[in-house]
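Work through the exercises below with the sequence and the coordinates at hand. Each task is followed by a solution in steps.

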Amino acid sequence: MSISLQDLLAILPELIVIGAACLVLALDPILETAKKDLLAWLTLGALAMCIGVTSSQMTGHTYAFSNMVILDAYAAFWKLLLYLVTGLTVLLSLAYLKAERLRIGEYYGFILLALAGMMVMVSGADLLTIYLGTELMSLSLYVMAGLKRTEARSLEASAKYFVLGAFSSGILLYGISLLYGLAGSTSLSVIAEAITMQGTSNPILSLALVLLAVGFGFKLAVVPFHMWTPDVYQGSPTSVTAFMAVASKAASFGAFLRVFVEGLGAASADWSVLFTIICLATLALGNLVAIVQTSIKRMLAYSSIAHAGYALIGVVVAGGHRGDGAGGGFASVLLYIAIYSFMTLGAFALIGMLRKEGQESENIEDYAGLAKREPLAAFFMLVFLVSLAGIPPTAGFIGKFYIFMAAVNGGMTWLAVVAVVFAAISAFYYLRIVMVMYMREPEGTVASQSRLETSPALSFVLACALAGVVLLGLFPNGLWSLATHAAPLLK
Amino acid sequence: MNHIFFFYFAAVIAGTSVLVVALRNPVYSALALLIMFFHVAGLYVTLHAEFLAAVQIVVYAGAILVLYLFVVMLLSIRSEERYHNQLPVAGLLGVTLCTEVLLLLIQSRTAPSAPGRSVEAAAETGNTEMIGEALYSTYLFPFEVASLILLVAMIGAIILAKKDIIETTE
């Protein structure tokens with residue numbers, strides 16, 4: 001048994017996050033209730049340290065812990081995005097937990113442990129580490145979904161998420177075990193070699209592909225494996241919903257692309273057909289069902305399903321083309337998820353803090369006349385929704401633009417056209433909320449109308465999300481070059 | 001000598017398995033299952049898979065069976081409600097499994113052996129040592145991640161079951 005210093009340095013960010021999580025969990029019972037905010041600041045400090053360490057690991061391509069962990073630009077890209085998103089979630093939670101009177105120190109510990117799982121996922125070079133990372137993330141999220149224990153919906157969300165998540169993990173493991181039987185190893189590079197040698201005609205390989213696609217489909221919440229999403233997103237505390245919708249989706253995409261490109265890249269012709277079908281179903285169902293929702297959290301849940309569909313276009317296009325074109329497709333996926341993170345997080349931050357009589361205003365009706373009561377909040381919501389709809393000059397447009405460009409360059413113009421049609425449909429339900437906010441008169445008495453509960457932390461989160469949406473919309477080149485640099489290559 | 005042990009374990013496993021489904025009291029069924037688990041572990045010992053034998057007892061007899069008993073006691077199932085016309089399903093599954101076993105027996109001589117270290121190497125150093133060595137060298141990182149998963153599961157269960165999370169005094 002020997003652990004080299006290089007190995008430990010390679011997982012230094014993970015060690016910092018896990019250490020901070022343990023510290024938070026240990027400090028929680030000692031601290032007085034009034035000083036529990038300290039835990040959040042401790043979490044943020046750990047994240048800041050991680051940003052520094054991971055930034056220095058951006059270049060290179062090294063393995064650690066006998067090829068279990070890989071350090072490359074791809075992993076660093078996702079990790080940096082995850083730190084950013086987690087940091088914003090922690091700040092949002094600072095305000096949200098107070099408003100909900102949920103004062104649980106373990107909350108921040110669980111956020112950090114979930115983050116550790118996500119980091120293991122995106123930097124795993126072995127199906128074993130990727131699977132264990134997924135489980136670590138999911139288990140933490142199951143608990144966080146049920147934290148609002150006085151509300152039946154929150155517990156229902158937790159239970160549903162747990163049962164379906166465990167089920168999907170089982171399917172994922174099935175796929176992994178078949179691949180292990182095929183290649184004799186769980187290492188992605190060995191699996192890739194074995195597939196190149198044996199060819200892709202093996203029916204066991206096809207079965208493993210399908211099972212892995214189903215397993216990851218659950219985590220990515222794509223149709224037809226999306227059933228849990230609306231209930232879980234609606235029932236969970238809103239800060240947790242934001243974390244699930246953004247961070248867990250980003251990490252799942254990171255692990256998903258890693259497995260399918262680096263491990264199963266040789267079979268890309270097979271899986272790109274599979275994902276074309278999933279992608280079309282996701283776009284159609286996500287966008288159409290979102291129209292009829294009356295709860296804004298549910299609507300955003302369906303919207304997040306639809307956005308996973310847009311991102312899948314990039315995967316499909318890249319899967320059909322080797323070489324440089326493939327890189328463009330994957331880079332557009334990375335860019336899309338990064339942009340999606342900012343706008344979705346911003347929208348959820350606003351929803352969590354728009355309250356009437358101490359309760360979250362969750363119905364779209366509650367937003368009537370918001371522009372008159374809270375002009376600034378309504379404006380922020382307007383920007384996030386316009387960006388989600390993909391209207392220029394916001395970042396949402398840039399994300400869709402690069403995805404559609406990749407599709408056209410890859411010779412799949414028809415897919416781009418279909419996606420544009422669905423994007424137009426999606427504008428309907430996003431702009432409906434804008435219309436409710438700006439055109440409708442508020443109902444009821446002044447006291448019963450929803451208002452934004454502001455706090456410095458919340459303002460900072462909203463400002464960051466808005467800056468991300470606007471600045472990335474105007475100057476996308478920096479992020480784009482980062483994404484092309486980080487995107488995986490189909491060999 | 002080996003054959004005597006094999007036939008003893010095999011006979012008890014088959015006998016207790018029948019008892020698990022045939023006994024009318026669920027608690028007796030669970031106890032028959034317990035005896036079966038122990039004999040399966042014995043079978044592993046005759047195959048020089050000591051680690052597997054220990055795991056079999058710790059996990060199945062120790063954890064899973066206790067879980068069964070808890071469920072049986074919590075639900076207090078009455079014995080006559082146990083069978084909801086499961087015969088067709090059970091028959092179908094049984095026939096499928098039997099065919100599978102037969103196929104495996106026929107093919108076992110031609111099937112390729114599993115990759116990785118050979119059986120002889122395991123017999124030399126003892127398989128428990130080999131598993132430990134692999135866990136603490138090659139698989140050290142996943143092993144530690146798994147320990148974190150257990151930590152999360154433990155704390156999560158405590159949080160979800162604990163009383164008065166929500167602060168009432170403001």
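Helices are DSSP runs of H or I with at least four residues, numbered from the N terminus. The model is a predicted one.

**Exercise 1.** Determine what backbone angle R101(A) takes just after helix 4 of chain A.

Solution. Locate the end of the helix: helix 4 of chain A covers residues 73–100. Then read the phi of R101(A), just after that helix: the value is positive, about 55°.

**Exercise 2.** Check whether the end-to-end distance of helix 4 of chain A agrees with its number of residues.

Solution. The expected span is 1.5 Å times one less than the number of residues. For the 28 residues of this helix that gives 40 Å, and the end C-alpha atoms lie 39 Å apart, so the two agree. Next, look for a bend along helix 4 of chain A: a kink of about 30° is centred on S93(A).

**Exercise 3.** Decide how far helix 4 of chain A is enclosed by the rest of the structure.

Solution. Apply the cut-off: a residue is buried under 20% relative accessible area. Of the 28 residues in helix 4 of chain A, 24 are buried, so the helix is largely enclosed by the rest of the structure.

**Exercise 4.** Describe the contact between the two domains of chain A.

Solution. Start with the bounds: domain 1 spans 1–263 and domain 2 spans 267–491. Their contact draws on 49 residues of domain 1 and 53 residues of domain 2. The centres of the domains, taken over C-alpha atoms, are 22 Å apart. The size of an interface is often given as the accessible area lost when the parts come together. Between domain 1 and domain 2 of chain A, about 4,400 Å² is buried, with 78% coming from carbon and sulfur atoms. On the domain 1 side, F77(A), L88(A) and V223(A) lose the most area to domain 2, together 14% of what that side buries.

**Exercise 5.** Is S387(A) buried or exposed, and which residues does S387(A) touch?

Solution. Place the residue: S387(A) belongs to helix 16 of chain A, residues 375–389. Its relative accessible area is 0%, so S387(A) is buried. Leaving out residues up to four places away in sequence, S387(A) touches M343(A), T394(A), A395(A), G396(A), F397(A) and V469(A).

**Exercise 6.** Summarise the fold content and surface of chain B.

Solution. Count the elements: chain B has seven helices and zero strands. Of its 170 residues, 24% count as buried. The accessible surface of chain B is about 12,300 Å², and 73% of that belongs to carbon and sulfur atoms. Finally, among contacts in chain B between residues at least 6 apart in sequence, 58% join residues at least 24 apart.

Technical notes
Residues are numbered from 1 along each chain as its sequence is written. Chains are lettered from A and ligands numbered from 1 in the order in which they are written. This is a predicted model: local features need pLDDT of at least 70, side-chain atom pairs count only at pLDDT 80 or more; totals for chains, interfaces and linings use all residues. Side-chain values use heavy atoms; hydrogens and water are left out. Helices (H or I, at least four residues) and strands (E, at least two) are DSSP runs, numbered from the N terminus. Buried means under 20% relative accessible area, exposed over 50%, partly exposed in between (1.4 Å probe, protein chains only). Contact means heavy atoms within 4.5 Å. Accessible areas come from the Shrake-Rupley method with a 1.4 Å probe; for residues, only the protein chains shown count as cover. The bend at a residue is the angle between axes fitted to the seven residues ending there and the seven starting there. Domain bounds come from an automatic or database domain assignment. Buried area is the accessible area (1.4 Å probe) that two parts lose on being put together, summed over both.
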